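Subject: Structure handover

Dear colleague,

Here is the structure I said I would pass on. My notes on it follow below.

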Amino acid sequence: MYRNTTNDSGTSTALGSWQNTTTYDDASAVAGTTYHYWVRASSDNTGANISAFSTGDAGFRALPPGTVTIPTNVQATDGAFSDKVQITWSGTSGNWFRVFRSTSNNSSRATALGNWQTGMTFDDSTVPQGTTFWYFVRAAADNAGANTSAFSTGDSGFRTFGGPTVTVPANVQATDGTFTDKVRVTWTGTSGNWFRVYRNTTNDSGTSTALGSWQNTTTYDDASAVAGTTYHYWVRAASDNTGANISAFSTGDTGFRATSGPVVTVPASVQASDGTFTDKVQVTWTGTAGNWFRVYRNTTNDSGTATALGSWQNTTTYDDASAVAGTTYHYWVRAASDNSGANISAFSTGDTGFRATSGQW
């Protein structure tokens with residue numbers, strides 16, 4: 001018989017002596033520890049002509065009655081109730097449990113709540129509204145706390161103000177050059193929540209700046225945005241207009257305020273000719289009057305690595321005379337508010353095209 005604490009027969013340890021019976025009692029196993037076991041055969045009691053390892057199997061020795069183990073999977077509700085925080089956990093059947101609470105993730109400063117109990121759910125109805133607490137659970141052998149275990153891993157939770165549950169806002173949208181006097185940010189959120197918009201020039205919500213005040217509507221006009229600058233926007237929710245029980249940041253979206261002039265929109269209906277000409281690929285599209293346009297090209301369907309062709313232009317046709325005959329290219333178009341590429345739009349949907357070889361048609 002061979003044993004290991006991992007499923008690796010190569011580093012396993014031999015138990016007992018060679019025997020001619022097919023049962024072995026491993027009395028040296030530590031209670032509660034799972035072991036992997038294998039068996040090898042030989043032609044005599046010295047281990048001659050030893051066989052390969054058998055297929056293994058895992059087994060363990062039961063814990064004695066009253067064994068205390070540290071509770072696991074502690075979960076505290078985050079604003080699910082207006083009258084309590086509910087704590088749940090997993091633990092060994094027969095143990096007794098007690099919940100502890102702290103204002104920080106530090107069990108050494110935690111205060112015991114309630115009494116020792118056999119159930120694995122506890123409602124903390126003494127928690128103040130709007131304060132986040134950390135919860136820990138300990139186990140014991142009886143209702144007096146005998147053989148108390150170490151603290152479990154903690155989890156944070158809070159009770160809402162007698163109103164709706166706070167949820168992370170969704171569907172955040174910031175306008176891309178739609179207005180010359182602002183960026184408009186819209187989102188969806190739980191009715192009764194209050195919201196605040198955050199902004200940054202980089203995609204980092206952690207260093208973003210809060211805009212305006214807490215509001216219970218789902219539209220915000222950022223009139224302080226600098227024209228032509230692209231910003232990242234996020235929204236957070238809270239249970240009241242002071243920002244209590246604040247949520248995590250929403251998923252962000254970028255937006256910008258247009259410079260004076262026409263609204264910039266993403267070009268549409270991009271068409272590249274397929275062998276119509278032997279001296280070029282002709283690209284056409286539709287776009288907003290007053291916008292300027294530029295064509296981009298790649299040999300793969302990847303606009304992110306596409307090369308700009310020509311200069312910004314205010315017409316909606318471009319002849320790519322640099323296309324190599326017989327090579328298929330992917331083409332995209334972007335729009336801007338002037339011939340320097342200000343307030344540049346996203347890439348259009350692409351289209352493929354190619355220049356015919358001489359005499360192809």
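Aspartate 320 and arginine 297 form a salt bridge, with their closest N and O atoms 2.8 Å apart. The pair links distant parts of the chain: aspartate 320 belongs to strand β23 (residues 317–320) and arginine 297 to strand β21 (residues 292–298), 23 residues apart. Aspartate 320 has a relative accessible area of 0%, so it counts as buried. Arginine 297 is at 17% relative accessibility; the cut-off for buried is under 20%, so arginine 297 is buried as well. Please keep in mind that this is a predicted model.

Salt bridges

The search of the whole structure gave eight salt bridges. As general background, side chains of opposite charge can pair when their charged atoms come close.

Another of these bridges joins arginine 199 to aspartate 222, where the closest N and O atoms are 2.8 Å apart. This pair also links distant parts of the chain, with arginine 199 in strand β14 (residues 194–200) and aspartate 222 in strand β16 (residues 219–222), 23 residues apart. Arginine 199 has a relative accessible area of 17% and is therefore buried. For aspartate 222 the relative accessible area is 0%, so this residue is buried too.

Towards the start of the chain, the side chains of arginine 3 and aspartate 26 meet in a salt bridge at 2.8 Å, N to O. Here a strand is linked to a loop: arginine 3 is in β1 (residues 2–4), while aspartate 26 is in the loop between β2 (13–14) and β3, and the two are 23 residues apart. Both arginine 3 and aspartate 26 are buried.

There is also a network of salt bridges, which links Lys182, Arg184 and Asp221.

Arginine 40

Where does arginine 40 lie? Its place is the loop between β3 (34–38) and β4 (57–60). Arginine 40 has a relative accessible area of 24%; buried means under 20% and exposed over 50%, so arginine 40 is classed as partly exposed.

Leaving aside residues up to four places away in sequence, arginine 40 touches Tyr2, Trp18, Ile50, Ser51, Ala52 and Phe53. With serine 51 there is a specific approach to report: the side chain of arginine 40 reaches the backbone oxygen of serine 51 at 2.8 Å. As a distance across the model, the C-alpha atoms of arginine 40 and glutamine 313 are separated by 81 Å, the two residues being 273 apart along the chain.

Pockets

Arginine 40 comes up again in the largest pocket, where Met1, Trp18, Gln19, Val39 and Arg40 are the residues nearest the centre, out of 19 that line it. The volume of the largest pocket is about 400 Å³. Its lining is made up of eight nonpolar, nine polar and two charged residues.

The second largest pocket holds about 180 Å³ of space. Its lining consists of Asp176, Gly228, Thr230, Thr254, Phe256, Val264, Val266, Asn343, Ile344, Ser345 and Ala346. By class, that gives five nonpolar, five polar and one charged residues.

Regards

How values were computed:
Residues numbered from 1 in each chain as written. Predicted model: local features only at pLDDT ≥ 70, side-chain atom pairs only at ≥ 80, totals over all residues. Heavy atoms only, no water. Helix = DSSP H or I, 4+ residues; strand = E, 2+ residues; numbered from the N terminus. Buried < 20%, exposed > 50% of the residue type's maximum accessible area, 1.4 Å probe, protein only. Contact = heavy atoms within 4.5 Å. Polar contact = N/O pair within 3.5 Å; in protein donor to acceptor, adjacent residues only side chain to side chain. 1 Å grid on protein atoms, 1.4 Å probe; cavity = no way out; pocket = protein on both sides within 12 Å on 5 of 7 lines; lining within 4 Å. Points joined across faces, edges and corners; volume = space filled by probe spheres on them. Nonpolar A, V, L, I, M, F, W, Y, C, P; charged D, E, K, R; others polar. Salt bridge = Lys/Arg side-chain N within 4 Å of Asp/Glu carboxyl O.
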